[in-house]
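Reader: I would like to go through this model claim by claim. For each label, tell me what it rests on.

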Amino acid sequence: MDTSNQEQSSPIIRSVGDSASPVNIIDKGIAVNIDEELEFSLGDEELGSEDEALEGDTHATTQTIVEEAAADDGLDAFRKKKRQKKSVAWDDFKDVEVGHQKTLMSECIHCHAKFKKTKTSTTSSLLRHRKSCAIRLQKLKKATQQTKINFPSADSAEASQTYLHSGTFDMAAMREATAEWVLMHEHPFSIVEEEGFNLMQKRGMPEWQRINRTMNKNDCTSVYEREKTKLKNQLKKVKKISLTTDLWKSKNQKNEYMVVTGHWIDSNWRLQKRVLNFVHVPPPRRGIQIADAIFKCLTDWGIESKIYTISVDNASNNDSALRCLKDTFSRNKCLLAKGKLFHVRCCAHILNLMVQDGLSRIKEIVDTIRDSVEFINKTDGRRLQFAKIVRQLQLPEKMLIYDCKTRWNSTYEMLTCALKFQDVFPRYRDREPNYDFCPTTEDWEKVSKVCDILKAFWTATHVISGSDYPTANLYLNEVCRIKVLLDSKVDDEDDFVRSMVQKMKLKFDKYWGECNLLMSIAAILDPRCKMRVINYCFPLLYLPHEVQSNIGKVRQALYDLYDEYVEIHVSGQSGSSSQLLIGSDHPTKSSSSASSSVSHVSGMSEFLTHIATVESVQPVKNELDTYFEDGLLTAADDSTIDIVNLDALKWWKDTTKYKILPKMAADILAIPISTVASEATFSAGTRIGVISYTG
C-alpha cells in the first residue's frame, strides 16, 4: 500500500506541533548554548580548560566504578559494563580501526579527520580540532535557524514519516502506528491484547493505554481507507496502467481468491506496483465471471480507461476472460496498438510448464532425494553422522537444501546441492541401518543430465522473477538461450535426454511458436539492442521462412504504436495551445474591456499558439528512425556506464534527445511479462529450508 501521497483526513487524529515554533534539535541531556558555543569555537585555539582536560583522564578509581554500578536500576544484565566517556569531545568523535594492523584512532564524525589515540586517552587534541572544524561550525550555525522538513514527494514509493516530534505523548498517533504495524507484518488483530506487548509499551511509554482487538480492527480499516484514498489520487495522475492477476486457493480453504496488481511508471520514472484488490470469485469461475470481477475492480479505482495490458497465466478461463475484456475496452477505444499487446502470457508460467515436463522424467528420484533430506534432518544424531562423513571426504559444501514442492526452481537447487553429496549418501547408508532409500549411481547420472538442461531455465527464471523487479526488455535473450539449448539436445545420443527434450520443445513451440510482440518491442527499446536483437534472435527462434515475416510484423507493430503516441502527443499539444488562446479571453459586460481583451489575444498569444501547433504537428524527423540511426549504446560511449547491468528505464529518463519515444518506452517497459508480482502476494508462508553441517 502506498503511503507516500499527501496526507488525507483520517478518523485517527494525529497531534502535530506548530511548524512555526522554534525546533529544539539538541538532546536535553547534553544541551549546549549555541550562541556561546559559536563564540567559543571562533575564539583562540589554545588547549581547553582544566576541567575539559580532566574529562579526558581515564584513570578512574575502582571506587567510582563500584558506586556507578550500585546506582544502576537493575538492568545490569542488559547493559555492557563499560565506563562512559564524559568528555564533550566524544559528541563529535568516534573510535575507528585503521590499516591492516587495525590501529585504533579517533575520527571526527563531521570531516573524518583522524587522530592517534594516546596511552592515557586524553582529549586535548580532539577538543582543539572540535573548535576549528569548519563542517561542525557550519552545522552549528544552521542549528540556530528554523529547521525545514523535507518530506518525500507525493508519488514516492517510500512511506512518509514525521521527522520532528512535538514532544508530547499522543495515544491516537500510537494507535495509528500500531495499526500500520499490524498491517505491514500481517499480525493478527489480537496481538495488541498480549500481556508482553502491553508491558513493553508501558515500559517505554507510561501513558500507554491498552487496545483491544476490536479497536485495532477498526483502526486498521481506517488506515486502509485513508491509504486507498491516497492511492486513488495518485492513480488519477497516471495515464497507462498494466495489470497482473492470479487465482489462488489453499488446501485447507474452500474459497478461491483472485488478486489484481497494478504496475506503472510514476512521475519520477520509478517502476511502481500496488495490490489493488483481493476478491473472492465464486465457482465455477468461468471466463465471464473473472472478467466481471476484474472490471469491477477497475471501475472502483477509476482506471478502466487507463489499462494497457493484463498479464495472466495460461489457464483457458483466463483466455476467455481477456477476450471479453478486450472487446469491452475496444468499444471504448482504450487500447493502443489495436489491442495487440493487451493479452500478455506469463513467461514464468510457460517456463514452469516446460520444466515440469522435464522433472516428471525423474519424479521418483526427486522423491527419493527429498525423503533422504528429510530423514537425515529428523534427529541430531543423523545430522552429526552425515556431517562426520562430509568432513572425512573433505567436501567444501556443508549443507543440504530443502525444497518447496510447488516451486520448481527450489527443487532444482535441492538437486544440484544433493549432487555434491552423492558420495556421502552410500557411506551414510552403510552406517545407518534404517536408511534404505539411497539413490543409485544411475539415478545420480539422470539427475545430473536434468540439472544441466534446467540450468538455463533456472537462470531465465531468476531474471524474470528477480527481486529488483526487472523490466520487460530482458526476456527475449533468455528465451532465445533456452531455444538454442533445446535445439542442441533434441537429437542427443542419450535416449533419456532426447525423449525429455523433445517433450519440452513441444511445449516451447506451443506458446512461443508465434512471435511475441511485447517481448520483442521491449527488447528493441533497450538502447543496447535496438533492431539488432531481433535480427540476432529470430533466426534462432523460428524456421528460416518465418524469420523475415516475423521481423516485419514486429517492425510494423512498433511503428504503428509510435504513430499512436505521436497522435496523442499532438492532440495534447493542440489542446494546450487552444487553451492558451481561450484562457486569455475573459469577456465582460463592458464593450471597451471586451475589445481590449480581443486585441490582447490576437497578438503574442495567437503567435505562440501557431508555433506550438506547427512544432507538434510537423516534427522534423521520425524519432524511431533517429533512434535506429544512432547505433547501439556501448561501453565505449560512456566509460561510467555498466553496460551489462544497464537500467533501460533510467536511460530513457535521462535522455534529452527525444520527446515522444521516452513516454512510449516507459509504458512498454512497465508491462510485467510474468504474474510473479501477483503470485508473490500469496507467498507469505513456506520458505526454503537449509540444513547446515558445520561440524
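Reader: Which residue is the bridge partner of Ile 310 in β8?

Author: His 343 is that partner. Keep in mind that the model is predicted. Strand β8 covers residues 343-345, and 3 bridges join it to β7. The two strands run parallel.

Reader: What makes β7 and β8 a pair?

Author: Two strands pair if there are at least two bridges between them. Here there are 3 bridges, so β7 and β8 pair by that rule.

Reader: Which residue stands opposite Ile 310 on the β4 side?

Author: Leu 243 does. Thr 244 has a partner in β7 as well, namely Ser 311. In total, 3 bridges join β4 (residues 241-248) to β7 (residues 307-312), and this pair runs parallel.

Reader: How do the strands β4 and β5 run, parallel or antiparallel?

Author: They run antiparallel, with 7 bridges between β4 and β5 (residues 257-265). One of the residue pairs is Leu 247 with Met 258 in β5.

Reader: Why are β4 and β7 called mostly covered?

Author: Count the buried residues. In β4, 6 of 8 residues are buried. In β7, the count is 6 of 6. Each of those residues is under 20% relative accessible area, because that is what buried means.

Reader: How much of the protein chain is buried by that rule?

Author: Buried residues make up 40% of its 695 residues. The chain exposes about 39800 Å², and carbon and sulfur atoms supply 52% of that area. Its secondary structure comes to 26 helices and 10 strands.

Reader: What share of the contacts in the chain links residues 24 or more positions apart?

Author: The share is 71%, taken among contacts with a separation of 6 or more.

Reader: Let us turn to single residues. Why is Ala 179 called buried?

Author: Its relative accessibility is 0%. The cut-off is under 20%, so Ala 179 counts as buried. Ala 179 lies in helix α6 (residues 171-185).

Reader: What does Ala 179 touch beyond its neighbours in sequence?

Author: Leaving out residues up to four places away, Ala 179 touches Asn 216, Asp 219, Cys 220 and Val 223. Asp 219 is 40 residues away in sequence, and the two C-alpha atoms are 5.8 Å apart.

Reader: Is Asn 198 buried or exposed, and how do you know?

Author: It is buried. Relative accessibility is 3% at Asn 198, and buried means under 20%, so the label follows. This residue sits in helix α7 (residues 195-204).

Reader: What makes the link between Asn 198 and Trp 208 a polar contact?

Author: The distance between the side chains is 3.1 Å. A polar contact needs a pair of N or O atoms within 3.5 Å. The pair meets that limit, so the label holds. A polar atom of the Asn 198 side chain also lies 2.9 Å from the backbone oxygen of Val 192. Not counting residues up to four places away, Asn 198 touches Val 192, Glu 193, Trp 208, Arg 210 and Ile 211.

Reader: How do you know that the buried residues of α13 line one face of the helix?

Author: Start with the list: Arg 382, Phe 386, Ala 387, Ile 389 and Val 390. Seen down the axis of α13, these buried residues fall within an arc of 160°, so they line one face. Their cover includes α12 (363-376), β9 (399-401) and α15 (424-431).

Reader: How does the span of α13 compare with the expected one?

Author: From first C-alpha to last, its 13 residues (380-392) reach 18 Å, close to the 18 Å expected. Just after α13, Gln 394 takes a positive phi of about 55°.

Reader: Two loop residues, then. Why is Glu 186 called exposed, while Arg 285 is called buried?

Author: Glu 186 has 59% relative accessibility; exposed means over 50%, so it counts as exposed. Arg 285 has 16%, which is under 20%, so Arg 285 counts as buried. Glu 186 is in the loop between α6 and α7, and Arg 285 is in the loop between β6 and α9. Phi is near 55° at Glu 186 and near 55° at Arg 285.

Reader: Which peptide bond is cis, with omega near 10°?

Author: The bond from Pro 283 to Pro 284 is. Pro 284 lies in the loop between β6 (271-280) and α9 (287-301).

Key
Residues numbered from 1 in each chain as written. Predicted model: local features only at pLDDT ≥ 70, side-chain atom pairs only at ≥ 80, totals over all residues. Heavy atoms only, no water. Helix = DSSP H or I, 4+ residues; strand = E, 2+ residues; numbered from the N terminus. Expected span 1.5 Å × (residues − 1). Buried < 20%, exposed > 50% of the residue type's maximum accessible area, 1.4 Å probe, protein only. Arc of directions from axis to C-beta. Contact = heavy atoms within 4.5 Å. Polar contact = N/O pair within 3.5 Å; in protein donor to acceptor, adjacent residues only side chain to side chain. Areas by Shrake-Rupley, 256 points an atom, 1.4 Å probe, with all protein chains shown as cover.
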